[in-house]
Amino acid sequence: MSKVRVHNLNVSLDGFSAGGTVTYDAPIGEAARLFDHFDGRVIWGVDAIAEPVRADHVFTSAWSQGIGVEIMGRRKFGPQTGPWADDGWRGWWGDEPPFRTPVVVLTHHERPPIEFANGTVFHFVDAPAPQALEYARGLAGGDVRLGGGPTSVREFLHADLVDFIHLVVVPVVIGSGVSIWDSCAELQDRFDVESVTTGSGLIHQFWNRKR
């Protein structure tokens with residue numbers, strides 16, 4: 001059975017992984033500082049940069065390894081709520097979304113898929129975590145990346161469906177937002193945790209589900 005993996009999930013020192021408000025101009029809300037150290041150029045490999053390869057680059061590049069499909073919450077796809085408007089919105093990423101795989105967007109308002117030339121296809125599914133995972137596994141082989149945001153990750157944690165989490169503790173205080181850990185205190189006993197601190201000050205935590 002393929003694994004369900006979370007990669008590069010940034011968390012502030014006060015426990016927030018996303019802003020409480022998402023708009024067209026502020027897709028991460030008040031949590032933008034969480035991504036000051038994130039280098040998205042290396043998600044498909046460290047060969048994408050000419051600079052020296054740092055530990056943070058190597059850990060970030062695991063995002064794409066062995067992934068066949070992603071599952072994401074609706075707010076990661078866009079700021080809209082309620083029924084979808086006919087506004088031409090195709091996600092934050094323009095004509096070349098970085099995924100290059102099928103992507104399942106969790107939403108209460110289904111719509112036809114949106115397909116891109118680079119292999120990314122967004123599927124809009126109204127289903128709880130177990131059924132959404134079954135649907136995602138039916139789209140492609142390989143592991144399933146749970147792309148966030150934190151609300152979606154929590155749903156899959158509560159359903160005991162997450163095998164691996166790469167958590168990045170960022171040395172900033174946000175003050176408000178959305179926490180991955182709400183009502184999750186008891187879940188930590190399901191995982192073995194390894195931590196690595198890099199020269200940038202980031203703490204990379206690797207949570208592997210106990211077998």
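## Cavity, pocket and sheet in a predicted model

Among the elements lining the largest cavity, strand β8 gives the most, with three residues. Please keep in mind that this is a predicted model.

### The enclosed space

Let us stay with that cavity for a moment. The structure holds one cavity of 30 Å³ or more, and about 110 Å³ of space lies in the largest cavity. Two or more residues of its lining come from each of β1, α1 (55-61) and β8 (164-170). If you would like to select the lining in your viewer, pick N8, N10, L34, H37, F38, D56, T60, H166, V168, V170, L202 and H204. By class, this lining has five nonpolar, six polar and one charged residues.

### The open space

Now to the largest pocket, which holds about 1300 Å³ of space. Its lining counts 45 residues, and R75, K76, G147, G148 and G149 are the ones that lie nearest the centre. At least two lining residues come from each of β1 (4-12), β2 (16-18), α2 (74-77), β7 (143-146) and α4 (150-158). Of the elements, β1 gives the most to this pocket, with five residues. Sorted by class, the pocket lining has 21 nonpolar, 18 polar and six charged residues.

Strand β1 thus takes part in both linings: β1 supplies residues to the largest pocket and also to the largest cavity.

### The sheet

How are the strands arranged? Nine of them form an open sheet with mixed pairing, in the order β5-β6-β4-β3-β7-β1-β8-β11-β10. At the edges are β5 (114-115) and β10 (191-197), each of which pairs on one side only.

Here are three of the strand pairs side by side:

| Strand pair | Sense | Bridges | A bridge or opposite pair |
|---|---|---|---|
| β3 and β7 | parallel | four | E70 and R145 |
| β3 and β4 (102-106) | parallel | four | E70 and V103 |
| β10 and β11 (203-209) | antiparallel | seven | T197 and I203 |

E70 is a handy landmark in β3: its bridge partner in β7 is R145, and in β4 E70 stands opposite V103. As for the surroundings of β3 (residues 67-73), seven of its seven residues are buried, so the strand is largely enclosed by the rest of the structure.

### A helix with two sides

Which residues of helix α3 (residues 129-139) are buried? They are A129, A132, L133 and A136. These residues lie on the same side of α3 because they cover an arc of only 100 degrees around the axis. On the other side of the helix, E134 and G138 are exposed. The cover over the buried residues of α3 includes β1, β3, β4, β7 and α4. Strands β3, β7 and β1 in that cover follow one another in the order of the sheet.

### A buried loop residue

One more stop is T101, which sits in the loop between α2 and β4. Is T101 buried or exposed? With a relative accessible area of 7%, T101 falls under the 20% cut-off for a buried residue. Leaving aside residues up to four places away in sequence, T101 touches I67, G68, V69, E70, G119, T120 and V121. Among these contacts is E70, the β3 residue that stands opposite V103 in β4.

Technical notes:
Residues numbered from 1 in each chain as written. Predicted model: local features only at pLDDT ≥ 70, side-chain atom pairs only at ≥ 80, totals over all residues. Heavy atoms only, no water. 1 Å grid on protein atoms, 1.4 Å probe; cavity = no way out; pocket = protein on both sides within 12 Å on 5 of 7 lines; lining within 4 Å. Points joined across faces, edges and corners; volume = space filled by probe spheres on them. Nonpolar A, V, L, I, M, F, W, Y, C, P; charged D, E, K, R; others polar. Buried < 20%, exposed > 50% of the residue type's maximum accessible area, 1.4 Å probe, protein only. Pairing = 2+ DSSP bridges. Arc of directions from axis to C-beta. Contact = heavy atoms within 4.5 Å.
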